[in-house]
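Me: I should like to study one protein model by means of questions and answers. Please show the sequence and the structure before we begin.

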Amino acid sequence: MFDVIVIGAGVIGSSAAYQTAKRGFKTILLEQFDFLHHRGSSHGESRTIRATYPEDYYSSMVLESSHLWEEAEAEIGYKVYFKTIQFDMGPSDKKSLQAVITSCKENSIPVRVLDHSQVSEEFSGVFELPEDWIGVVTKQGGVLKPTKAVSMFQTLALKNGAMLRDNMEVTEIKKDDVRGGVSVLTRNGEEFYGKKCIVTVGPWMKILVQKVTGLVLPIQPLETAVHYWKIKQGFEDKFTIENGGFPTFASYGEPYIYGTPSLEFPGLVKIAVHGGRACEPNERTWVAALPAVVDSLKQWIEARFGGLIDPNGPVFSQSCMYSMTPDEDFVIDFLGGNFGKEVVVAGGFSGHGFKMAPLVGRILAELVADGVAQGVDLKYFSIGRFEGNPRGNVKDFDDQVKSH
C-alpha cells in the first residue's frame, strides 16, 4: 500500500511526486509512456517564465514558483532556470495588456511602461513598435529547460524515496471499499493500492476522468507548434541573455505571439503563436503548423525585428500539446463524488502552467496530506466553476488564445 499514487510523469506529476516523497509519504509515480517522452506537453528545450498576467492570482503564484525552482536547483546541483527580463508589447488600448500593468502594480511587481521610441532606445533598435503600441518591462522573466526540469523532479523524487515506473498506462481507478483508499489498474495487468491518488495526465485528463467517473471535464487538447528562426549573420549576440540581455517576450494582439532568447540552439531564436487546433491526444497529425499560422509569424517578425531575423520561414518546428480549458485557467481540485478527497486532479494548464509546476506540485502534496493548500486561493481552479457555466471564470479582457 502506497501513501500516494501519482499518475502521469510530466512536469506536474513529477513535481508532485517529489513534494510528496519529500514529506515522507510512500510515493509511486506511474507514466503511460517512457519517461521523458515527447508525446505530451512537458518536453522540449525552453519554456517562458514570467509574472506578467492579466489575472492577478497567477502573478503571485509565479513569484512563489521562482523561489521553488531555485530551491530545487540547489538540491539537484544544476540549473534549469535562466533568468532574464520579460518584455510585453501591444496596442496601448489592448485590454489584456492594460490588465497586465494593473496586475503587476497590485502584486507590487516593479513595471515600466515605454512608448515606441523608448522601446527602440531600451533594446538598441532590436524591437520596432508601431506608434500606437507600448512596451511593458519587468524583471521577472526567464527560460526554463523543460525535459531537464522533468528529469530533475524525477531524480529528486527518487532521492527522497519515491518509486518510479514507466510504460504503465492506467486504465482504471477504483475506490477500495475494503482497505480504504483507491486501487489503480494498468493495461499490462498490474494493480497498485494507495491511500491517496493524484492524477496529472495532461491531454489525456478528459479521457481518463470520464472513464473513471463519467464526469466530463471541459479540457480540450490542442496541437500546437514552436518554431525556430534564423538570426541574420552578425546579429547573433543581440538575441542572447549573456551578451544582449535579450528578454523573453510576448506580443498582445491577433495572434498572440511569444518568444525566448537564443539559448538552446546557437543562432536561432524561438518565436511561436500561443494557440493550436483541437485534437485527440492519441490521434495527432504531428503537422508542425498550418501555413496561415506560419504566414502570420513571418509578417510579425518582419515588422518587429527590422531585418535582424530571416522572416522567410522557420529553420525547424516542433509539435507539442496544450490542455485548454474554456477560461484558460487550471483545474486543481478533488475529484469528489464517490472518491471524496482521496483523488486529486490537476490539468487544463492551457499552455502556461509549466512555469508554476513547483508550486502546483507543492499544492497537490498539501491537498493529499492535509486537504487544504496554504497561501493559494484554489477557487479559480475548481471543477465546480463549470457547473451551469460552460465558460468558467469571467474575465474582463480579450481572449489570448484562438484555435486555428
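The questions below concern the helices, two loops and a pocket.

Me: What kind of model is this, and how are residues numbered?
Reply: The model is predicted: local features need pLDDT of at least 70, side-chain atom pairs count only at pLDDT 80 or more, and totals for chains, interfaces and linings use all residues. Side-chain values use heavy atoms, without hydrogens and water, and residues are numbered from 1 along each chain as its sequence is written.

Me: How do helix 1 and helix 9 lie to each other, roughly parallel or oblique?
Reply: Helices (H or I, at least four residues) and strands (E, at least two) are DSSP runs, numbered from the N terminus. The axes of helix 1 (residues 11–22) and helix 9 (residues 357–370) come within 8 Å and cross at roughly 50°; axes are lines fitted to C-alpha atoms, for helices over the stretch in contact, and angles run from 0 to 180 degrees between N-to-C directions. Angles under 35 degrees count as roughly parallel, over 145 as roughly antiparallel, 65 to 115 as roughly perpendicular and the rest as oblique. Helix 1 and helix 9 are therefore oblique.

Me: How do helix 1 and helix 5 lie to each other, roughly parallel or oblique?
Reply: Helix 5 covers residues 146–159, and its axis is 8 Å from that of helix 1, at an angle of about 25°. This angle makes the two helices roughly parallel.

Me: Which residue follows the cis peptide bond that glutamate 254 forms?
Reply: The bond has an omega of about 0°. The residue joined to glutamate 254 lies in the loop between strand 12 (248–251) and strand 13 (257–260). That residue is proline 255.

Me: Which residue has a positive phi although it is not a glycine?
Reply: The residue is found in the loop between helix 3 (95–106) and strand 5 (112–115). Its phi is about 55°, and it is serine 108.

Me: How many residues line the second largest pocket?
Reply: On a 1 Å grid over the protein atoms alone, a pocket is an open set of points where a 1.4 Å probe fits, with protein on both sides within 12 Å along at least five of seven lines; lining residues have an atom within 4 Å of a point. Glu55, Asp327, Glu328, Lys395 and Phe397 lie nearest the centre of this pocket, and the number of lining residues is 22.
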